[in-house]
Every structure is written in C-alpha cells, then in structure tokens.
Amino acid sequence: MSFLTEILLIAAIAVQCVAMYYALRLVRKTKYNSVWILFIIGCLMLLLMIMLLNRHFVGRSEYSTDMFIVMGSVISLCLSVSVMYAHRLFGYIDRLNRRQELFNKRLLTAVLRTEEKSRAHFAKELHDGMGPLLSSVKMSLTALKYEQRPERRSQLNDNTLMVIEEAIRSLREISNNMQPQVLKDFGLERALRNFIDRSGALRNISLHFKTDLGERRFDPDIEVIVYRVVCEFIHNSLKHSGCGNITLELHCDEAMLAVHYADDGCGFDINDLPDAGMGLSNISSRIKSVNGIFSLESAKGNGMRADIELSLGDN
C-alpha cells in the first residue's frame, strides 16, 4: 500500500469516527430519532468493510465476495433510509418553526391588546375620576373670583379645598393601580396581602393565603407580573365564578418561585373560550415574558386551578 493510499485510508476512518460522534450527539438531542441511528449503523458497517478490505488491519483479505456484497447492501440501505428519514425530520422542523411563528404572532397580539387595554383603562380613570373633580375646582375658583360676600367666599374656598383633596386621593388611587407603591416599597407578600384584604372586604368570600416569602425581594419584573396575574385571578373568580373559597399559595427556594391558585366556583371549559380567553392569553404572555411555566385546569362545576413556576436564576 502506497503512502498516499495509507494517508487517505486513515483520513477516511478519522472522518467517519467524527461523523459518528456528532451523530451520537444528535441521537440524544433529537430524542433518539431513527435517522441518526441508521446513519451510525451505516458508518460502522462502512468502517468495518474498509478494515476488512485492507491487509494492514486484518493481515489477510481472503473474504468471500458475498460477504462484501451483503455489507455493501446494508450500508447502502442504512444510508438511503437515513436520508429519507432526514427529509421527514426537516419537514417536522419546518412545521415546528411555523407553529413557533404563529405562537409568537399570537403572543405579540396579546401583549399589544394588553397594552391597549391598560391605556384605555388609564384614560377612563382619568376621564371619570380626575376630570369631574378638576372641572369642579375650576368652577369653584371662577365663582370665588366674582363672589363678594365673605361667608360665601369662605364656603367656596372650603369646597375648593375639599375637591382638591379628593382629586389628590383619586390620583393616588390611579397611581397605585398602575404601580402599587406597597409592592415597590415592601415586596410581593405585603402587596398581595393588602389586595386580598381589600378584595375580601368587598365580598362575602373566604380568601386563604399561605406563603413563605417573608420580606424576600425578587426581580421587579417578576414581582409586578406575579402581582398582576394573581390580581387578575382573584378579579375573575370574584366576578365570574360565584365561588365561596379562594386558595392562594406562594412558595420559593433559591431557584424557583411557585404560585398555586384555586377556587371552588362554577369552573369553565377552556376549549370553549375564544382564543383561550383574552384574559388567559394576557396571563400566559406575561408569564412567558419572564420564561415562566403556566398551567391551568378547569371544568364546568369543578372550579379552577392554576400553577405558575418562575425560575429565579441569580435573583
């Protein structure tokens, strides 16, 4: 065997070994897809055939022609079938990509609708809350400007101060609804307790809240999202479910924050909701924005249960 032939032989064996190494990695990565298993079998058979044909490895080459025909046929079959399966695999990947694109579009739509809903709510709060109060202040100040009677001026002045104080309280409520100050200052547990206390006082309902968070703080995005999602759950239960009991549990360790929510209301069929329910789409999009996992179970007459898991990473 010439020197060049020996180099080519060694190079061919080395390249096949590298190819099998990558195929082995792809077997695990693609959950043991048969295309890579067939490819590995074909490469092993081809490697064995090369070694049998070469005296340098086996010392002799007196093997029957039929054996090499069988080996060549097996190699050809394995590689051919693996190529056909590879075509199916790439088709499957294309379908996954299209599903991912569709999911991203729906997620973006949900985010945009959420933002638009928030703007509309904020505008309504300003129009219905602050608008009439400021109009009253303007009318009181105008009347105060032209009023000459001292007792009437004093009355108008007191009325103006009262309306201004009401406007300040209204502004604080709007600000608190947009970004709860207690959440910013004291954390998730205190903010949720305040919201639960206010919600429970408005309805004849039992709200059971268990947590081990204490004063622990998290990433601001996680705190805001968990707070908004839990508030949305409670609001939906109070408004739609007719439940008598709500259970909320928050637990965390070094790696994960878990939220478990349940009510004993009328429940609903998730598949009957249009587009999985606009509220549920918003909740899902918020949780996915921080790489969280969201699962929901409900059936008519059996209440609902929601579970959220958020990776804390370095927080």
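Guide: Let's start with a yardstick: a residue is buried under 20% relative accessible area, exposed over 50%, and partly exposed in between. One more thing up front: this is a predicted model.

Visitor: Fine. Why does R305 count as partly exposed?

Guide: R305 has 36% relative accessibility. Partly exposed runs between 20% and 50%, so R305 falls in that class.

Visitor: And what makes D307 buried?

Guide: D307 comes in at 18% relative accessibility. The limit for buried is under 20%, so D307 counts as buried.

Visitor: How do you know that R305 forms a salt bridge with D307?

Guide: The closest N and O atoms of R305 and D307 are 3.3 Å apart. The rule asks for a side-chain nitrogen of Lys or Arg within 4 Å of a carboxyl oxygen of Asp or Glu, so the pair qualifies. As background, side chains of opposite charge can pair when their charged atoms come close.

Visitor: How many salt bridges does that rule give?

Guide: Three. Another one joins R217 and E223, with the closest N and O atoms 2.9 Å apart, and that is again within 4 Å.

Visitor: Are R217 and E223 buried or exposed, or what lies in between?

Guide: R217 has a relative accessible area of 36%, so it is partly exposed. E223 is at 4%, so it counts as buried.

Visitor: What about R193 and E189, why is that pair called a salt bridge?

Guide: Their closest N and O atoms are 3.2 Å apart, and the cut-off is 4 Å, so the name fits. Both residues sit in helix α7 (residues 188-202), four residues apart, about one turn of the helix. R193, at 33% relative accessibility, is partly exposed, whereas E189, at 15%, is buried.

Visitor: On to the surface. What makes F90, Y92, I93 and L96 a patch?

Guide: They form a nonpolar patch with about 370 Å² of accessible area together. A member needs over 30% relative accessible area and no salt bridge, and nonpolar side chains are joined within 5 Å. Take L96 in helix α4 (residues 65-146): its relative accessible area is 35%, so it is partly exposed, and 35% passes the 30% limit.

Visitor: Now the strands. How do you know that β1 and β2 pair?

Guide: Strand β1 (residues 206-211) and strand β2 (residues 245-252) share six bridges, in the parallel sense. Pairing takes at least two bridges, so six will do. Among the bridge partners, H208 has T247 in β2, and S206 has N245 in β2.

Visitor: What handedness does the β-α-β unit of β1, helix α8 and β2 have?

Guide: β1, helix α8 (residues 220-241) and β2 make a left-handed unit. The name right-handed is kept for a clockwise path with the strands pointing away from the viewer.

Visitor: In what order do the strands of the open sheet run?

Guide: The five strands run β1-β2-β3-β5-β4, with mixed pairing.

Visitor: Why do β1 and β4 stand at the edges?

Guide: β1 and β4 (293-298) each have a single partner strand, so one side of each is left without a neighbour in the sheet. From one strand to the next, the twist averages 10°.

Visitor: And how many helices and strands does the protein have?

Guide: Nine helices and five strands. Of its 315 residues, 31% count as buried.

Technical notes. Residues are numbered from 1 along each chain as its sequence is written. This is a predicted model: local features need pLDDT of at least 70, side-chain atom pairs count only at pLDDT 80 or more; totals for chains, interfaces and linings use all residues. Side-chain values use heavy atoms; hydrogens and water are left out. Patches are made of residues with over 30% relative accessible area and no salt bridge: like charges are joined within 9 Å, nonpolar side chains (Val, Leu, Ile, Met, Phe, Trp, Tyr) within 5 Å. Accessible areas come from the Shrake-Rupley method with a 1.4 Å probe; for residues, only the protein chains shown count as cover. Buried means under 20% relative accessible area, exposed over 50%, partly exposed in between (1.4 Å probe, protein chains only). Axes are lines fitted to C-alpha atoms, for helices over the stretch in contact, and angles run from 0 to 180 degrees between N-to-C directions.
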